[in-house]
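Reader: Hi! I'm in my first year and still learning to read protein structures. Could you pick one part of this one, the open sheet, and walk me through it slowly?

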Amino acid sequence: VWLLLFILTGIFQVSWATELRGRIDTRNPYTGYFQPLPGAQVTIVNPFNGAPLSTTYTGYDGFYYFSNVPPGQYGLVINGMRNFPLGVPPMPAYDIPPILF
C-alpha cells in the first residue's frame with residue numbers, strides 16, 4: 001500500500017509541474033537584425049506583488065529554462081526592467097514565445 005501511495009504521489013506531483021523554455025532577442029543597433037541576447041537575467045515573479053519566485057540567465061543562444069513551475073499566472077522580468085505577462089498551462093513542457101528586448 002505504501003509503495004502504491006508513493007508512486008501515485010510522485011506521478012501527481014510531476015503532472016502539475018511544467019518545464020518552461022524561452023528565448024530573448026535584441027535588435028543589433030548597427031545592422032537592425034535580431035540576434036540572441038546572452039547573459040540576460042530572467043525572473044519569474046508573482047503578478048500581484050512582484051515578489052521573485054525563480055531566476056535564471058540566458059545562454060549564448062538567448063535561451064533560458066525554468067523547471068517545475070506550477071501552472072498559473074506570472075510575470076517575467078528581464079534584466080530587472082520589464083515585466084511581461086506569462087500564463088503557464090498545466091502541461092509537462094511549454095515554450096514561451098520569443099521576447100524582443
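Author: Here is a walk through the open sheet, with a quick look at the whole protein before it and at the salt bridges after it.

Keep in mind from the start that this is a predicted model. The protein has 1 helix and 9 strands, and along the sequence they come in the pattern α-β-β-β-β-β-β-β-β-β. So far that's just a list of elements along the chain. For a feel of how the chain folds back on itself, take the contacts with a separation of 6 or more: 50% of them are between residues 24 or more positions apart. Of the 101 residues, 30% are buried. The surface that the protein exposes comes to about 6,900 Å², and carbon and sulfur atoms supply 65% of that.

Now for the sheet itself. It is an open sheet of 4 strands, in the order S4-S3-S6-S7, and the pairing is antiparallel. Which strands sit at the edges? They are S4 and strand S7 (82–88), each of which pairs on one side only. Neighbouring strands of the sheet aren't lined up perfectly either: on average they are turned by 25° against each other, direction ignored. As for what holds strands together, strands of a sheet pair through backbone hydrogen bonds, either parallel or antiparallel.

Let's go across the sheet in order, beginning with S4. This strand covers residues 52–57, and 5 bridges join S4 to S3, with the two running antiparallel. One pair to find on your screen is Ile44 and its bridge partner in S4, Ser54. S3 and S4 also form a hairpin with 6 residues between them. In that turn, look for Gly50, which has a positive phi of about 75°.

Next comes the join between S3 and S6. Strand S3 takes in residues 41–45 and strand S6 residues 72–78; they run antiparallel, with 4 bridges between them. Here you can follow a little trail across the strands. Val42 has Ile78 as its bridge partner in S6, and Ile78 in turn stands opposite Arg82 in S7. That step takes you to S6 and S7, which pair over 7 bridges, again in the antiparallel sense. These two make a hairpin as well, with 3 residues between the strands, and Asn79 there takes a positive phi near 50°.

Let's zoom in on one residue of the edge strand S4. Thr56 belongs to S4, but is it buried or exposed? Its relative accessibility is 19%, and the cut-off for buried is under 20%, so Thr56 counts as buried. Leaving out residues up to four places away in sequence, Thr56 touches Ala40, Gln41, Val42, Tyr64, Tyr65 and Phe66. You've already met Val42 in the trail to Ile78.

Two of those neighbours of Thr56, Tyr64 and Phe66, are worth a look of their own. The structure holds 1 aromatic pair, and it is made by these two: their ring centres are 6.0 Å apart and their planes stand at 70°, so the pair is edge-to-face. Tyr64 and Phe66 are both buried.

Now look at the loop between strand S2 (34–36) and S3, where you'll find Gly39. At 49% relative accessibility, Gly39 counts as partly exposed. Gly39 and Gly59 are 20 residues apart in sequence, yet their C-alpha atoms are 6.0 Å apart in space. Besides Gly59, Gly39 touches Tyr57 and Thr58, again not counting residues up to four places away in sequence.

Last, the salt bridges. How many does the structure hold? There are 2. In one of them, the side chains of Arg21 and Asp95 meet at 2.7 Å, N to O. This pair links distant parts of the chain, with Arg21 in strand S1 (residues 18–27) and Asp95 in strand S8 (residues 93–95), 74 residues apart. Arg21 is partly exposed at 34% relative accessible area, and Asp95 is partly exposed too, at 45%. In the other salt bridge, the side chains of Arg23 and Asp25 meet at 2.9 Å, N to O. Arg23 is partly exposed at 26%, whereas Asp25 is buried at 12%.

Definitions and conventions. Residues numbered from 1 in each chain as written. Predicted model: local features only at pLDDT ≥ 70, side-chain atom pairs only at ≥ 80, totals over all residues. Heavy atoms only, no water. Buried < 20%, exposed > 50% of the residue type's maximum accessible area, 1.4 Å probe, protein only. Contact = heavy atoms within 4.5 Å. Areas by Shrake-Rupley, 256 points an atom, 1.4 Å probe, with all protein chains shown as cover. Salt bridge = Lys/Arg side-chain N within 4 Å of Asp/Glu carboxyl O. Phe/Tyr/Trp six-rings, centres within 6.5 Å; stacked < 30°, edge-to-face > 60°. Pairing = 2+ DSSP bridges. Axes fitted to C-alpha atoms, helices over the stretch in contact; angles between N-to-C directions.
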